[in-house]
Amino acid sequence: MKMLGQAWLYRIGNTLVRVENVFAWSGWCQERLRVNDETAHEAYGWFGTRRDFNEDWLTPPGEGVL
């Protein structure tokens, strides 16, 4: 199964936040949130829907949810 992926890297103060998203046209998807190279949240499954990693400490006041 061929997978297509993308990743975003954010620096918040001294913290590195990496958001990864991988999917296949067959319907499989996988998402992962890593903070300083440790997995903070992971989700995967068939025909996944949009997920928000709503972590208050990652969102500075006045900013949108990551």
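A strand here is a DSSP run of E with at least two residues, and a helix is a run of H or I with at least four; both are numbered from the N terminus. With that in hand, we can place T39 in strand β4. This is a predicted model, where local features need pLDDT of at least 70, side-chain atom pairs count only at pLDDT 80 or more, and totals for chains, interfaces and linings use all residues. Residues are numbered from 1 along each chain as its sequence is written, and side-chain values use heavy atoms, leaving out hydrogens and water.

**Confidence**
- The protein chain has a mean pLDDT of 79, pLDDT being the predictor's confidence in each residue, from 0 to 100.
- Among the elements, strand β1 (residues 4-12) has the highest mean pLDDT, 91, and strand β4 (residues 38-46) the lowest, 85.

**The whole chain**
- You will find 4 strands and 0 helices in the protein chain, in the order β-β-β-β along the sequence.
- Of the 66 residues, 26% are buried (under 20% relative accessible area, with exposed over 50% and partly exposed in between, using a 1.4 Å probe and protein chains only).

**A closer look at T39**
- T39 counts as partly exposed because its relative accessibility is 41%.
- Leaving aside residues up to four places away in sequence, T39 touches R32, L33 and R34 (contact means heavy atoms within 4.5 Å).
- The side chains of T39 and R34 make a polar contact at 3.0 Å; such a contact is a pair of N or O atoms within 3.5 Å, and within protein one must be able to donate a hydrogen and the other to accept it, while residues adjacent in sequence count only if both atoms are side-chain atoms.
- From C-alpha to C-alpha, T39 and V17 are 9.9 Å apart in space, with their positions 22 residues apart in sequence numbering.
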